[in-house]
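I opened the file to look up how one helix is packed and where the nonpolar cores lie. My entries follow in the order in which I made them.

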Amino acid sequence: MTDLADRRGAETQVYQPAEDTRLLAEAAVSEIEPPARVLDVGTGSGYVAATVADETGADVVGSDLNPYAVRQAADRGVPVVRSDLVSAFRDGAFDAVVFNPPYLPRDDDAAREDWMEVALSGGDDGRAVVEPFLDDVGRVLAPDGFALVLVSTLTGVDEVIEYAGERGFSAVAVREESFPFETLSVLKLWK
Amino acid sequence: MKEDLMDIVCCPLDKHDLELDVESREDDEVMSGTLTCTECGETYPIEDGIPNLLPPDMREDAPA
């Protein structure tokens, strides 16, 4: 692949920092106290991982399914692993795991078959990615570890809290911000 | 990738340890090589400094 193609891929195939990204980064910076080992799942451009590393001094690793995203995050200086959610990480490896999942309920009229669709779509109910994440994230958290997950009212905040609760997590919203069509919350989850 | 990443990664299939084989390095980064599961023997490539620990059936570069 040429450099030009790489750059085009980075522009069109990787979700770039937006309001949700910044809200999660802000929450992570205030919740994470080093020394801490942190995983940023679905790191995308690497913005959250790099911000947390720069502002807290924590040891942050990013993971993503998308080859263009891991490349872009690596170029930003974030250590990265191409992985499906947390599946490639060891039990108890992290003090904190942060995740801004694809959360928009699928719109069949607008659906595309590319990496941007993967970055945005949370399936029919918006929870198709956050639920498998919640199934497995407890495994990679250290005993006092926690997860920070961005959820939208479009995804169903109560439904996510209930699903996490069934997997043994307590939840509290540590950040909230309202926009014309949705309210974004960052949930802190711990066992 | 830096070698200290080995402390936190595992085989995505069975969660066992991985063994690192380095093909090339630049400074302190492993640029190419393989990670092999010490239990099931599945191998995972490291290309352009990035380990690809997707399960084999998800390794294609096409989305979804």
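**Helix α7 and the cores**

I began on the outward side of α7(A), a helix in the DSSP sense (an H or I run of at least four residues, numbered from the N terminus), where Asp158(A), Glu162(A) and Glu166(A) are exposed, that is, over 50% relative accessible area with a 1.4 Å probe and protein chains only, buried being under 20% and partly exposed in between. I noted that this is a predicted model, in which local features need pLDDT of at least 70, side-chain atom pairs count only at pLDDT 80 or more, and totals for chains, interfaces and linings use all residues. Residues are numbered from 1 along each chain as its sequence is written, chains are lettered from A and ligands numbered from 1 in the order in which they are written, and side-chain values use heavy atoms, without hydrogens and water.

I then listed the buried residues of α7(A), residues 157–166, and found Val157(A), Val160(A), Tyr163(A) and Ala164(A). They lie on the same side of the helix because their arc around the axis is only 130°, taken from the directions from the axis to the C-beta atoms. Their cover includes α6 (130–140), β5 (141–152) and β7 (183–190) of chain A, strands being E runs of at least two residues.

Next I looked up the largest nonpolar core (buried Ala, Val, Leu, Ile, Met, Phe, Trp, Tyr and Cys joined through side-chain atoms within 4.5 Å); of its 41 residues, Phe89(A), Val97(A), Phe133(A), Val9(B) and Leu18(B) touch the most other members. I recorded that α6(A) gives the largest share of this core, five residues.

Methods: Contact means heavy atoms within 4.5 Å.
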